[in-house]
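Work through the exercises below with the sequence and the coordinates at hand. Each task is followed by a solution in steps.

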Amino acid sequence: MADDTIVEAVSRALDESPPRNFRETVDLAVNLRDLDLNDPSNRVDESIVLPSGTGQDTQIVVFAEGETALQAEDVADQVLSSDDLEELGDDDDEAKDLADATDFFVAEADLMQDIGRYLGTVLGPRGKMPTPLQPDDDVVETVNRMKNTVQVRSRDRRTFHTRVGADDMPAEEIADNIDVIIRRLEADLEKGPLNLDSIYVKTTMGPAVEVNA
């Protein structure tokens, strides 16, 4: 359960957001301090499963063959074969469009080498190389878990953002998502909470409200 102060911050952000005629995303802005982000080892790069889900559609593409591909068709947005992979490798624009439209990629482990060869230059810089699927892994379970996953990535910037829900979700559920992210950051950063300068929550078009975790 999230601390009451996080719930209060989320409630304020939701209440102070003017009504819109579309469903807004709720985002978290994190400001870091006392870290040399020119050193890649100090950068934040985490896939975090949100306990209450993202509140949004997450686009997932699976590279697979045979039975795994058939199973993936029920849960993934798109399933691509090794032949599709080779065609993408020959069409840089289509590969970039796919990468930009997709949140996460999953691939059978034995296709990873070909993905690196054909799509590495497109997916690598975007931080979207696929999650390898081992022979014993359940592709349906993996994809469903990733639908509730966000990528928390700072790159070389002191301030970064991540999605934590949607404006029609209960404040308590969004707060639980935020709590999980903060705990992960505190555990992974070199100086823990001391590396967190400030944290804000806001809807897409609404004002930012500081979170005092």
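**Exercise 1: strand S3 and its sheet**

Isoleucine 60 of S3 stands opposite phenylalanine 104 in S5. The model is a predicted one, in which local features need pLDDT of at least 70 and side-chain atom pairs count only at pLDDT 80 or more, while totals for chains, interfaces and linings use all residues. Residues are numbered from 1 along each chain as its sequence is written, and side-chain values use heavy atoms, with hydrogens and water left out.

Task: starting from this pair, determine in which sense S3 and S5 pair and over how many bridges, then place both strands in their sheet.

Solution.
1. Delimit the elements. Strands (E, at least two residues) and helices (H or I, at least four) are DSSP runs, numbered from the N terminus. S3 covers residues 60–63 and S5 covers residues 104–108.
2. Find a further pair. Valine 61 has phenylalanine 105 as its bridge partner in S5.
3. Assign the sense. S3 and S5 pair in the parallel sense over four bridges; two strands pair if DSSP finds at least two bridges between them.
4. Turn to S4. Three bridges join S3 to S4, and these two strands run parallel. Here phenylalanine 63 has leucine 80 of S4 as its bridge partner.
5. Assemble the sheet. Four strands in the order S4-S3-S5-S6 form an open sheet with parallel pairing. Its edge strands, S4 (78–80) and S6 (131–133), each pair on one side only. On average, neighbouring strands are turned by 25 degrees against each other, direction ignored.
6. Check the faces of S3. Ile60 and Val62 lie on one side, Val61 and Phe63 on the other, and all are buried (under 20% relative accessible area, 1.4 Å probe, protein chains only), so both faces are covered.

**Exercise 2: the packing of H4 and H5**

Task: classify the angle between H4 and H5, give the handedness of their crossing, and sort the contact residues by character.

Solution.
1. Take the geometry. H4 (residues 92–101) and H5 (residues 112–123) pack at an angle of about 60 degrees, with their axes 10 Å apart. Axes are lines fitted to C-alpha atoms, for helices over the stretch in contact, and angles run from 0 to 180 degrees between N-to-C directions.
2. Classify the angle. H4 is therefore oblique to H5, since angles under 35 degrees count as roughly parallel, over 145 as roughly antiparallel, 65 to 115 as roughly perpendicular and the rest as oblique.
3. Give the handedness. The crossing of H4 and H5 is right-handed, meaning that the near helix is turned clockwise from the far one by less than a right angle.
4. List the contact (heavy atoms within 4.5 Å). H4 contributes Asp92, Ala95, Lys96 and Ala99, and H5 contributes Leu119, Val122 and Leu123.
5. Sort these residues. Five are nonpolar, none is polar and two are charged. Ala, Val, Leu, Ile, Met, Phe, Trp, Tyr, Cys and Pro count as nonpolar, Asp, Glu, Lys and Arg as charged, and the others, Gly among them, as polar.

**Exercise 3: a loop residue with positive phi**

Task: locate aspartate 34 and state whether this residue is buried or exposed.

Solution.
1. Aspartate 34 sits in the loop between S1 and S2.
2. Its phi is near 55 degrees, a positive value in a residue other than glycine.
3. With a relative accessible area of 55%, aspartate 34 is exposed, the cut-off being over 50%.
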